[in-house]
Amino acid sequence: MDSYRNYQEFLTDLTDWGTKTLAQQNDFFPARSFLVLLDKAIKSADNGIFSPFLYTALSCRMQKEEMMFLAAALYAGLCGKNLSPNIWQLFGDKETNDLCAAELIYEPAPLLFEKVWDSRQQDYHIQIPPRLLLFLKGILLETQYISGMYWYCRSEEPLPSLGTSVRLYPQIEKCLTNISDKKLLYLRGKKGSGRKLNFAHLAAQQHMGLAVIPYETLQSEQQLREMRRECLLCHAMFVIELDGETEDLSPLFDWLEDEETIFVTGSWKEIPPGSFTRRQYLPFTISTPKVLADKKLFNDLSLSYQWEQEEERLDFLGRYNFLPGRMREILELAKAYALTNGSGYITNQHLRRAILRVSSHSLDKYAKKIRGVYQMEHLILPEPQKQKLFHIINRVRNRKLVYEEWGFIEKSAYGNGISMIFAGPPGTGKTMAAQVMAAELNMELYRVELPAVVDKYIGETEKKLSRIFGEAEKSMAILFFDEADVLFAKRTEIKESHDKYSNMEIAFLLQKMEEYEGISILATNYLQNFDSAFRRRISDIINFPLPDQTLRRQMWESMIPVKLPLSDEIDFNFLANQFEISGSMIKNTLIYASFLAAEDHEPLLTMDKILKGLSHELEKSGKKLSRDEYGEYGHLF
């Protein structure tokens, strides 16, 4: 028979081959007989008979003598014997007996063999690891969970398509084919840009799955060996995922010395020179601006889901600058929320909930989340300021049209986000305006207290700011930097080293605001502290003045809840004309007065309670009015 009908017939012949070898029959030549056995196995594979032995040998690029060593070890495992270096020599043909030493075969194949020492550590034998031995016996195994490794995709699983700006795997595949030496391939790009998906498509060309091994989870060479062995058993490629900046990868490359090609993915930095040797370094980069500008990629991605309204889909595409991976996560979760609601059609509410869930950022370590409960109609400002804010909100909604479809992104040296200064006295509506923007744009709002960010140690402020913007990118949150005067005092000549580092911190924050694709706002009480050079690099400046008489009357009336019992004798004209105070002071006055009203048997908000609340609020600010300044109500004081 020229071929095997099944794999068990191969194992039977292999057992017979090993038995005859150890019997030392004069007319039996192990090496020649193995080649006959191997040729028969290859013909069987050509006829569609799957051979775990051939699969393992070919996957590890074994030469014929190495295959024979694997066969000898498999025979030992099948028969419960030990394969010692001395026994291995028996498998050589008698006329030559020139087999490589067992050590020379074992060393470059740590996935396939284990060295087991005796109790005195003087002698050893080589065996196939138990899980691999089961596979070589023809037992198909379920995938084993290994801590520190996760499966990105299994072989034969359908993969999401890649946009033209992301599709690098054909170029990578061509490069790997043309270079025969050992290789180190590094695919760099931001998280969610399609790095792992490119590797998944590359693996799919060989009908392989893809496993991901985060570098920070690796603790030992043995752990990595188990991961690699599992990838071998599951016919999968693996990629090492770098997290942040890693200075020295030498241990990793030492552990992977026998790998033909090492696949690595990460962001920002190149792999440090000198951390790898004797390998051809092949760096590839996914360009974030090109990915974000690939309108067809995002359009096709969003069209694969069901939407309640087309306007909601277009609004989602136009408003957010999420990378494809992050957008796919959000849409999958929004779809799940839509299904649990019974409709299956995605709405803005589903998207909002999904964005908050998927983002899972840690901005809370550095900032306070503020709920955007106010709408534009709640904001009482002079009309020019209100129109300017309305224009900025619309600019956010239309920025993809202007920057990407009309091509202004090619004219912009930095990002296409929006940076603003809100300037004005305390209580004039700066924080409220930020809440209005968040509510109108359906975005998260985080307030960053700059005094808590500024650090006395050189370089620490920049690190904190970098983390804040990095975390904000995960959800495109609006960043509201309160009390900016602590950092952005008017620049002067550098007289001390401290002045130099303060200016460096200012320049760094300005750079991060320009690069940030979202919205960042600086709130200040003193616009004069911001020099002209800084102002030129800010998208917009909105002044929040103290309200005039007309606006103050609107505030007094609009801030009283409908359910609050209200006296008909309240003189709103007197309150608006007589007291030049901010909106926040009006709100605090009404709250204090309402608590006074709540103490009465029949609660009622009256003029005297409002004025007592106003007196309390003014005293907090260090002001005390005379009885005359209360006009006809002076007798209350």
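This is a short talk on the overall build of one protein chain and on one of its strands, β11.

Hi everyone, thanks for coming. A quick reminder before we start: what you see on the screen is a predicted model.

Let's begin with the whole chain. It has 637 residues, and 47% of them count as buried. The secondary structure comes to 26 helices and 14 strands. How does the radius of gyration sit against that of a compact globule? For 637 residues such a globule would be near 26 Å, but this chain has 36 Å. You can also look at the box that the C-alpha atoms fill: along the principal axes, roughly 130 × 65 × 55 Å.

Now for contacts and surface. Take the contacts between residues at least 6 apart in sequence; 74% of these join residues at least 24 apart. The accessible surface is about 32,100 Å², with 50% of that belonging to carbon and sulfur atoms. For those of you who think in electrostatics, there are 76 positive and 87 negative charges, and their mean positions lie 1 Å apart.

Let me zoom in on β11, residues 445-449. Why is this strand described as largely enclosed by the rest of the structure? Because 4 of its 5 residues are buried, where buried means under 20% relative accessible area.

And who are its partners? Strand β9, residues 368-370, pairs with β11 in the antiparallel sense over 3 bridges, and there Ile-370 has Leu-445 of β11 as its bridge partner. Strand β12, residues 478-482, runs parallel to β11, and 5 bridges join the two. In that pairing, Arg-447 is matched with Phe-480 of β12.

That's my tour, and I'm happy to chat afterwards!

Definitions and conventions. Residues numbered from 1 in each chain as written. Predicted model: local features only at pLDDT ≥ 70, side-chain atom pairs only at ≥ 80, totals over all residues. Heavy atoms only, no water. Rg over C-alpha atoms; globule rule 2.2 N^0.38 Å. Buried < 20%, exposed > 50% of the residue type's maximum accessible area, 1.4 Å probe, protein only. Contact = heavy atoms within 4.5 Å. Areas by Shrake-Rupley, 256 points an atom, 1.4 Å probe, with all protein chains shown as cover. Lys, Arg positive; Asp, Glu negative; His and termini not counted. Charge placed at Lys NZ, Arg CZ, Asp CG, Glu CD. Pairing = 2+ DSSP bridges.
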